[in-house]
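I set out to record which side-chain contacts could be looked up in this entry. The notes follow the order in which I worked.

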Amino acid sequence: MSAGQGGKAGLRQLLHFGIIGAVSTVAYMVLYLGARQVMPAIWANALALLVTAVANTAANRRFTFGVSGSKDALRHQLEGGMAFAIGLALTTGAVAGLHLLAPNASHGIELAVLVGANAAATIIRFVLMRLWVFSPRRRPSQSPEYAS
């Protein structure tokens with residue numbers, strides 16, 4: 001693959017990742033606000049992140065990184081879980097910090113802080129997925145399940 005092709009593939013991946021991320025963020029917000037009505041912010045965040053992380057990893061697996069079929073799907077989800085853990089740590093820290101600074105913050109302010117922390121986690125998630133989870137160096141080039 002030439003440098004130009006690698007750059008185009010990277011831009012395509014970034015575009016697909018961004019679209020999936022935007023959909024995931026909306027789903028996260030809806031889940032968080034619904035769960036927040038019945039549970040504390042930390043637990044609502046964890047639940048919303050967990051549900052969207054599984055769907056996000058599956059969508060990125062197929063549409064961003066061109067991997068189809070069941071081969072390595074569990075490994076991809078488990079490795080995507082590492083990115084989930086990083087996101088959970090960042091967002092939990094952010095909401096805990098908010099509650100220390102502003103104990104009576106509204107759910108909307110919580111959500112804004114969480115979306116900001118999630119944006120930082122998203123950058124880390126893209127790098128981990130591109131360079132580790134779905135790295136072309138880890139894929140057998142002859143397998144049709146890994147066709148782009």
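**Aromatic pairs**

I looked up F65 and found it buried, at a relative accessible area of 2%; buried denotes under 20% relative accessible area, exposed over 50%, and partly exposed what lies in between, with a 1.4 Å probe and protein chains only. F134 is likewise buried, with a relative accessible area of 1%.

I note that the model is a predicted one, in which local features need pLDDT of at least 70 and side-chain atom pairs pLDDT 80 or more, whereas totals for chains, interfaces and linings use all residues. Residues are numbered from 1 along each chain as its sequence is written, and side-chain values rest on heavy atoms, without hydrogens and water.

I described each pair of aromatic rings by the distance of the centres and the angle of the planes. My criterion pairs rings of Phe, Tyr and Trp (its six-membered ring) whose centres lie within 6.5 Å; planes under 30 degrees apart are stacked, over 60 edge-to-face, and the rest tilted. I obtained 3 aromatic pairs by this rule. In one of them, the ring centres of Y28 and Y32 are 6.1 Å apart and the planes stand at 20 degrees, so I entered the pair as stacked. Y28 and Y32 both belong to helix α1 (residues 3-36), 4 residues apart, about one turn of the helix; helices are DSSP runs (H or I, at least four residues), numbered from the N terminus. Y28 is buried at 1% relative accessibility, and Y32 is buried at 0%.

I then returned to F65 and F134, which form a stacked pair at 4.8 Å centre to centre with 15 degrees between the planes. This pair links distant parts of the chain, 69 residues apart: F65 sits in the loop between α2 (41-64) and α3 (73-101), and F134 in the segment after α4 (107-133).

**Salt bridges**

I required a side-chain nitrogen of Lys or Arg within 4 Å of a carboxyl oxygen of Asp or Glu. The count by this rule is 4 salt bridges. One of them joins R36 and E110 at 2.8 Å, N to O. Since R36 lies in helix α1 and E110 in helix α4, the pair ties together parts 74 residues apart in sequence. R36 and E110 are both buried.

I next examined R75. Its side chain meets D72 in a salt bridge of 3.5 Å, N to O, and E79 in another, with the closest N and O atoms 2.9 Å apart. E79 and R75 are 4 residues apart in helix α3, about one helical turn. E79 is buried at 11% relative accessibility. I recorded that salt bridges sharing partners join K71, D72, R75 and E79 into one network. D72 is partly exposed at 23%, and R75 is partly exposed at 25%.

Terms used
Helices (H or I, at least four residues) and strands (E, at least two) are DSSP runs, numbered from the N terminus.
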